[in-house]
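Here are some short exercises on side-chain contacts, each with a worked solution. Have your viewer ready and try each task before reading on.

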Amino acid sequence: MNTEEIIIPERVKIRNTATRTGNIVAWDTGEDAASVLFLHGNSSSKEIFIEQFTDPSLTGYRLLAIDLPGHGRSEERRVGKECRSRGS
């Protein structure tokens, strides 16, 4: 998908959050309402959810879509910072 062609709705804020493993970029409508989190699959980005962010039936919800590390506009995971789950 060519991200240059995407027109982001005015209500969507672009969030850049620093984490210990790199910066994460997200779209967030920020409403104080029930939240819907959109997570993309491998080799994709938050832009695949543009139809949900422009759907008028979802206006009453807080919509949040993130670019996972190394995808879209988020940074590659920093070397030496491993993701571990408990017990690993």
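The exercises below deal with aromatic pairs and then with salt bridges.

This is a predicted model, in which local features need pLDDT of at least 70 and side-chain atom pairs count only at pLDDT 80 or more, while totals for chains, interfaces and linings use all residues. Residues are numbered from 1 along each chain as its sequence is written, and side-chain values use heavy atoms, with hydrogens and water left out.

**Exercise 1.** Classify the ring pair of Phe38 and Phe49 from its centres and planes.

*Solution.*
- Step 1: Recall the rule. Rings of Phe, Tyr and Trp (its six-membered ring) pair if their centres lie within 6.5 Å; planes under 30 degrees apart count as stacked, over 60 as edge-to-face and the rest as tilted.
- Step 2: Apply the rule. The centres of Phe38 and Phe49 are 5.0 Å apart and the planes stand at 35°, so this pair is tilted.
- Step 3: Place the residues. Phe38 sits in strand E3 (residues 35-39) and Phe49 in the loop between E3 and helix H1 (50-53), 11 residues apart. Helices (H or I, at least four residues) and strands (E, at least two) are DSSP runs, numbered from the N terminus.

**Exercise 2.** Are Phe38 and Phe53 buried or exposed, and how is their pair arranged?

*Solution.*
- Step 1: Set the cut-offs. Buried means under 20% relative accessible area, exposed over 50% and partly exposed in between (1.4 Å probe, protein chains only).
- Step 2: Both Phe38 and Phe53 are buried; for Phe38 the relative accessible area is 13%.
- Step 3: Their aromatic pair is tilted, at 5.8 Å centre to centre with 50° between the planes. Here Phe38 in strand E3 is linked to Phe53 in helix H1, 15 residues apart.
- Step 4: Widen the view. Trp27, Phe38, Phe49 and Phe53 make up one aromatic cluster.

**Exercise 3.** Find which parts of the chain the salt bridge between Arg15 and Asp28 ties together.

*Solution.*
- Step 1: Check the contact. A salt bridge is a side-chain nitrogen of Lys or Arg within 4 Å of a carboxyl oxygen of Asp or Glu; for Arg15 and Asp28 the N to O distance is 3.7 Å.
- Step 2: Arg15 belongs to strand E1 and Asp28 to strand E2, so the bridge ties together parts 13 residues apart in sequence.
- Step 3: Compare accessibility. Arg15 is partly exposed at 38%, whereas Asp28 is buried at 4%.
- Step 4: Follow the links onward. Arg15, Asp28 and Arg62 are joined in a network of salt bridges.
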